[in-house]
Amino acid sequence: MPRFSVIVPVFKVQGFLRPCLDSVLGQSFDDLEVIAVDDCSPDGCGAILDEYAARDPRLKAVHLPENVGLGRARNAGLPHATGDYVLFLDSDDRYTPGLLRAVADRLDATGDPDILVFDHVRTHWWGRAGRSDAAGLLEQAGAGAFAVREHPEYLRLFLVAWNKAYRRDFFVGQGFAYRPGLYEDAPVTYQTMVTAERIACLDRVGVEYRQRRQGAITRTPGRRHFDIFEQYEGLFAFLAERPGLGWARPLLFERALDHMLFTVARPERVLRGDRKEFYRRIRAFYRRHVPPGFVPPPDSRRTEIRLLALAPHHRAHLCLGLWRRGANAAGRKAARLRELFARQVKRSWYRLQLRRRLDPALAVYSAGHSRAVNGDPLAIHARAAELAPQVRGVWVVQPDAVDQVPPGTDFVTTGSWRYYRVMARAKHWFNDCNWAGDLVKRPGSVHVQTHRGTPLKYMALDLLDRPGARHGTNVRGMLRRSDRWDVSLVANRHSEEVWQRAYPCHFASLRSGSPRNDVLVRGRGERGAELRARLGIGASETVVLYAPTPRDYRRGRHVWRVDLENLAASLAPAHRLLVRLHPSLARHHERALVLRDLHRRGALTDVTDERHVEDVLLAADALITDYSALMFDYALLDRPIVVHADDWAAYRATRGAYFDVTAEPPGHVTRSDEELVKAFASGAWRDAESARLRAAFRERFCEYDDGRAAERVVRRVLLGEAPGGDDGEAVVRIPGAVDRSARTPEYS
């Protein structure tokens with residue numbers, strides 16, 4: 001008997017059916033059976049099912065003699081199910097990789113509950129959207145099981161059949177069945193949720209819910225949407241037969257009204273001419289089933305539900321809706337006007353501040369588009385506190401990134417009054433990105449651009465012949481902001497040449513090295529050891545770090561190029577896989593599809609949120625990357641690097657690259673999951689050839705990194721000291737050395 005029976009009703013989806021079936025049969029957990037029910041589909045679906053059934057004995061094709069609809073097609077599959085748990089999947093959707101393994105593990109951990117609920121992501125025809133509104137509920141559920149009577153908020157989970165795994169004995173034993181018509185999921189979902197004694201949740205995106213451009217019944221207006229009333233009549237008939245569920249009646253009554261009011265407000269469902277009748281049916285349902293003493297909960301459509309009992313006709317409901325929409329629109333407009341006025345006042349005040357003298361003992365720092373306190377600016381700030389304590393450092397952060405500021409660090413938030421005052425007075429500006437376009441470069445101020453690593457991919461002006469990569473990027477505006485640079489920090493001659501060509505602006509290059517990498521050159525292993533200890537990694541474990549870079553040829557710039565679950569499983573014992581996404585993808589919903597679940601299951605460790613990437617690099621014994629600039633930083637540690645370049649041709653064609661990293665790599669190059677696994681299984685990742693390639697790479701790209709980069713920047717920029725012999729031929733003219741005895745006034 002298999003662990004899972006997946007029932008897939010099929011009707012007129014021949015273009016989507018194969019991906020659906022492949023997503024189930026291709027799961028890493030294979031103790032399953034698939035019952036695919038051909039609901040007398042008039043296209044080629046039946047033949048596709050027979051093809052799959054002939055090829056894979058785990059799939060059984062059931063051909064119905066006539067079309068019975070989605071709900072009854074699911075019912076037709078149930079008698080063929082033999083698994084411990086039953087799951088339903090619509091044939092135009094698909095499972096995410098690793099879902100069934102995650103479901104099996106959670107079922108084992110929770111002692112086989114009656115129902116397990118997981119999350120989904122909507123996939124529109126133009127691209128994927130975010131997680132469902134229920135993500136917060138799933139996250140807070142924890143690892144235990146519960147009953148809805150104690151936690152009624154879980155009745156707000158998405159009303160579908162395919163985001164749950166039902167214990168078959170529970171589902172079949174209670175006689176649950178889907179009714180014909182639309183909205184068939186609602187009554188069965190509520191029946192099972194209030195009947196189940198133990199419900200568990202899996203905080204993982206398990207289904208890609210396809211929102212088709214055409215053919216979606218829920219987006220086709222017509223009389224069929226009146227089926228909702230029959231479905232909920234069936235639910236309340238079910239409650240009437242079970243007096244023990246009387247406690248659930250007020251909860252489900254509110255949920256039913258919410259669903260009906262939601263439906264009537266959707267023009268893509270209920271036609272304008274049908275709304276009056278639809279609303280009349282809602283009021284009739286209200287009068288027929290309202291529980292004694294019913295009071296709508298505060299978090300419901302309280303006003304609209306109360307109106308059902310008070311309003312004499314449909315017009316009152318419409319007037320209320322129009323009034324609400326008008327009031328909301330007026331409120332939003334007023335808020336925008338207030339915000340615009342405040343912004344103009346602050347900018348006028350900023351222009352007044354620009355008339356005050358520059359403060360030579362004030363420096364401002366920013367990193368990661370003012371969303372972080374790390375990288376080169378942080379290294380310079382820390383060194384300045386030692387060598388130039390008379391220079392006061394102030395960090396610039398976005399209002400939603402205040403939690404990134406370490407305790408005791410002075411900072412201003414962008415757009416605040418103090419922000420404009422500090423930006424107008426500071427003489428020294430340090431940033432690894434560009435400053436906001438409305439800030440003025442004052443004569444005598446010194447802007448230092450630290451960059452964010454050695455460039456492999458095309459930047460700035462070089463993007464002009466890469467329209468896909470520069471989509472949404474104003475290169476002209478970027479160069480205007482770059483005209484404010486006085487000093488550009490470089491770690492090697494390659495970077496110096498690239499920055500001067502990609503940013504044809506009036507700045508001088510300082511061959512300083514990368515300040516953030518001083519800790520790597522000096523071998524500050526204790527920072528890596530502290531991170532390993534915090535992550536629970538043993539001293540004898542071998543740590544492999546995977547750090548991919550975004551893809552400009554993919555909407556959203558995120559794409560998995562490695563099967564993480566397979567890679568983690570293939571590593572030898574006493575190996576730990578760490579994964580770090582690019583900072584721009586840290587909040588991407590794709591992270592929840594696979595990475596977070598694998599992290600929670602212990603298959604790997606997600607270190608994307610670690611604030612200091614230098615600590616992660618120090619903790620790793622090997623690096624797997626594709627085209628990330630981290631390879632240049634990690635090479636300083638002289639540890640093995642593997643370049644996984646399975647899409648190098650596509651990446652180079654769309655984004656552009658300054659050299660062929662597959663021809664001049666810092667280590668072995670792999671081009672498939674199989675080659676990557678083999679490189680680690682055979683030990684090639686750390687052989688003599690790997691060391692030879694790494695040595696040549698280090699000689700070219702680690703030229704100026706000697707562990708004194710931050711000190712060099714502080715002495716040259718803040719203290720105005722003359723360049724030493726180790727600065728090569730670089731001559732940087734820094735206007736106005738700071739007076740070591742100067743004191744910084746308070747800015748509050």
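Which residue follows α25, and is its phi positive or negative? Gly683 comes after the helix, and its phi is positive, near 85 degrees. Bear in mind that this is a predicted model.

## The whole protein

Let's start with the overall picture. The protein has 748 residues, and 55% of them count as buried. Its secondary structure adds up to 27 helices and 23 strands. Measured out along the principal axes, the C-alpha trace spans about 90 × 65 × 45 Å.

Now for contacts. If you take those between residues at least 6 apart in sequence, 74% join residues at least 24 apart.

## Surface and charge

The accessible surface comes to about 32,400 Å², and carbon and sulfur atoms account for 50% of that. As for charge, the protein carries 114 positive and 94 negative charges, and their mean positions sit 9 Å apart.

## A closer look at α25

Helix α25 runs over residues 673–681, and its buried residues are Leu676, Val677, Ala679 and Phe680. Why do these four lie on the same side of α25? Because they cover an arc of only 155 degrees around the axis. The general rule behind this is that an α-helix has 3.6 residues a turn, so residues three or four places apart point the same way.

Flip to the face turned away from that buried side and you'll find the exposed residues Glu674, Lys678 and Ala681.

## What sits over the buried side

Several elements help cover the buried residues of α25. Among them are the strands β18 (542–547), β21 (622–625), β22 (641–644) and β23 (669–670), along with helix α19 (564–570).

Key:
Residues numbered from 1 in each chain as written. Predicted model: local features only at pLDDT ≥ 70, side-chain atom pairs only at ≥ 80, totals over all residues. Heavy atoms only, no water. Helix = DSSP H or I, 4+ residues; strand = E, 2+ residues; numbered from the N terminus. Buried < 20%, exposed > 50% of the residue type's maximum accessible area, 1.4 Å probe, protein only. Contact = heavy atoms within 4.5 Å. Areas by Shrake-Rupley, 256 points an atom, 1.4 Å probe, with all protein chains shown as cover. Lys, Arg positive; Asp, Glu negative; His and termini not counted. Charge placed at Lys NZ, Arg CZ, Asp CG, Glu CD. Arc of directions from axis to C-beta.
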